[in-house]
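Q: Please take a close look at one part of this fold, namely a single hairpin and the strands on either side of it. A connected account that then places this part within the whole would be welcome.

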Amino acid sequence: MSKIIVNHEVISSEDKSLLNEIKALKKDDEITYFDNDVKVSLKVLNNRILLTRENDEFKINLEFEENKNLVTDYVIKDLGLKVKLETKTKKVVIKDESIYVSYDLFMNGSFSDSFTYKLEWRDL
């Protein structure tokens, strides 16, 4: 396990979230860091990316594979509610120290928004 520094950017049609110089852990092909009070885990499996965002209130699982539609869950913990999420991945670029994903998100079959997720890292 190694300590790294990450910069992440999430862009949607309505919002832009930036995190710079966040301490993170990298173990094999998995990176874990905190976006405020949300634990973010990103795992790379061949050309597929698994992204989990979780805190005490919710857990979102997203999967990305270029030119594929993949279905996962958004769990609202205190209500015991599961919402089906579908990612329609347009582009995935995986490099040695960066990841780029462009995708459309659908909730219960309805279009939610288009997103771009960028993650870069370096050794601490």
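A: **The hairpin and its surroundings**

Strands β8 and β9 are paired in the antiparallel sense, and 10 bridges hold the pairing. The two strands form a hairpin with two residues between them, and within the pairing I94 faces I99 of β9. The model is predicted, and the description that follows applies to it as such.

Strand β9 covers residues 98–107, and eight of its 10 residues are buried, so the strand is largely enclosed by the rest of the structure. On its other pairing, with β10, β9 is again antiparallel, over 10 bridges. Y103 has F115 in β10 as its bridge partner. These two strands also make a hairpin with two residues between them, in which N108 adopts a positive phi near 50 degrees.

Strand β10 spans residues 110–123 and contains D113. This aspartate is buried but takes part in no salt bridge, as the nearest side chain of opposite charge, that of K90, lies 8.6 Å away. A salt bridge would require a separation within 4 Å. The side chain of D113 does have a polar contact of 2.8 Å with that of S13. Beyond its neighbours within four places in sequence, D113 is in contact with S12, S13 and E14, and also with Y103, D104 and L105. Y103 thus appears here as a contact of D113 as well as in the bridge with F115.

On the other side of the starting hairpin, β8 (residues 81–95) pairs with β7 (residues 69–76), antiparallel and over eight bridges. V75 is matched there with K82 as its bridge partner in β8. A salt bridge is also present, with K84 and D73 meeting at 3.1 Å from N to O. K84 belongs to β8 and D73 to β7, so this pair ties together parts that are 11 residues apart in sequence. The two partners differ in burial: D73 is buried at 19% relative accessibility, whereas K84 is partly exposed at 46%.

Strand β7 also holds Y74. Leaving out residues up to four places away in sequence, Y74 touches F58, K59 and I60, together with L81, K82, V83, L85 and M107. Its C-alpha atom is 9.8 Å from that of E54, a residue 20 places away along the chain.

These pairings belong to a wider arrangement. The sheet is a closed barrel of 10 strands, in the order β1-β2-β3-β4-β5-β6-β7-β8-β9-β10, with antiparallel pairing. On average, neighbouring strands of the sheet are turned by 25 degrees against each other, with direction ignored.

Elsewhere in the barrel, β3 (residues 30–35) shows an alternating pattern of side chains: I31, Y33 and D35 point to one face and are buried, while E30, T32 and F34 point to the other face and are not buried. Strand β3 pairs with β2 (residues 16–27) in the antiparallel sense over three bridges, and K26 is opposite I31. The hairpin of β2 and β3 has two residues between the strands, and D28 in its turn has a positive phi of about 55 degrees. Towards β4 (residues 38–45), β3 forms an antiparallel pairing over six bridges, with D35 opposite V38. That hairpin too has two residues between its strands, and N36 in the turn has a positive phi of about 60 degrees.

V38 recurs in the surroundings of N55, which touches D37, V38 and K77 when residues up to four places away in sequence are not counted. N55 sits in the loop between β5 (48–54) and β6 (58–65) and is buried, at 11% relative accessibility.

The bridge between K84 and D73 can also be set beside other charged pairs, as the model has 10 salt bridges in total. Among them is the pair E9 and K16, which meet at 3.4 Å from N to O; E9 is buried, with a relative accessible area of 16%. Another joins E65 and K68 at 3.9 Å from N to O, and K68 is partly exposed, at 40% relative accessibility. E65 and K68 also belong to a network of salt bridges that includes R48 and E63.

Note on methods. Residues numbered from 1 in each chain as written. Predicted model: local features only at pLDDT ≥ 70, side-chain atom pairs only at ≥ 80, totals over all residues. Heavy atoms only, no water. Pairing = 2+ DSSP bridges. Helix = DSSP H or I, 4+ residues; strand = E, 2+ residues; numbered from the N terminus. Axes fitted to C-alpha atoms, helices over the stretch in contact; angles between N-to-C directions. Buried < 20%, exposed > 50% of the residue type's maximum accessible area, 1.4 Å probe, protein only. Lys, Arg positive; Asp, Glu negative; His and termini not counted. Polar contact = N/O pair within 3.5 Å; in protein donor to acceptor, adjacent residues only side chain to side chain. Contact = heavy atoms within 4.5 Å.
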